[in-house]
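Q: Please take a close look at the largest nonpolar core. Which residues touch the most other members there?

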Amino acid sequence: NEGDAHAVNKLLSLNTTGNCKTIIGSSKNADMTLVGNLTKVKEKHATIMYHDKSKKYTLMSDADLRINNKKVKSKILESGDVINVEGTTIVFDDGSV
């Protein structure tokens, strides 16, 4: 049926050279482009920053998003965190395991 939800599994490797960022949004220029009937997703909806000194990832957004079912604007990410961007679910894995 057209319009039915379906799962898409994709592994995205985040850049870890220096202090880097990964853009999640609806723009074709985003590092992770969210497509479909996602009218509330902004071109640059969220950013994941890698901090070379601490070896940690921080997710930041001015838009609405949920991590582990809690509304947040920013959070230091841990493996297994579930990020919800306007109905799209992303599971964060730092690759350390």
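A: Accessible areas are computed by the Shrake-Rupley method with a 1.4 Å probe, and for residues only the protein chains shown count as cover. By this method the protein chain exposes about 7100 Å², of which carbon and sulfur atoms supply 47%. The model is predicted, so local features need pLDDT of at least 70 and side-chain atom pairs count only at pLDDT 80 or more, while totals for chains, interfaces and linings use all residues. Residues are numbered from 1 along each chain as its sequence is written, and side-chain values use heavy atoms, without hydrogens and water.

The chain has nine strands and zero helices; these are DSSP runs numbered from the N terminus, E of at least two residues for strands and H or I of at least four for helices. Of its 97 residues, 31% are buried, meaning under 20% relative accessible area (over 50% is exposed, in between partly exposed; 1.4 Å probe, protein chains only).

A nonpolar core is a set of buried Ala, Val, Leu, Ile, Met, Phe, Trp, Tyr and Cys residues joined through side-chain atoms within 4.5 Å. The largest one has 16 residues, and Ile-24, Leu-59, Leu-77 and Ile-83 touch the most other members. Strands S3 (46–51), S4 (56–60) and S8 (82–85) each supply at least two residues of this core, and S3 gives the most, with three.

Ile-24 is in contact (heavy atoms within 4.5 Å) with residues including Ala-30, Met-32, Ile-48 and Ile-90. Ile-48 in turn stands opposite Leu-59 in S4. S3 and S4 pair in the antiparallel sense over five bridges; pairing requires at least two DSSP bridges between two strands.

Terms used: Lists of a residue's contacts leave out its neighbours within four places in sequence.
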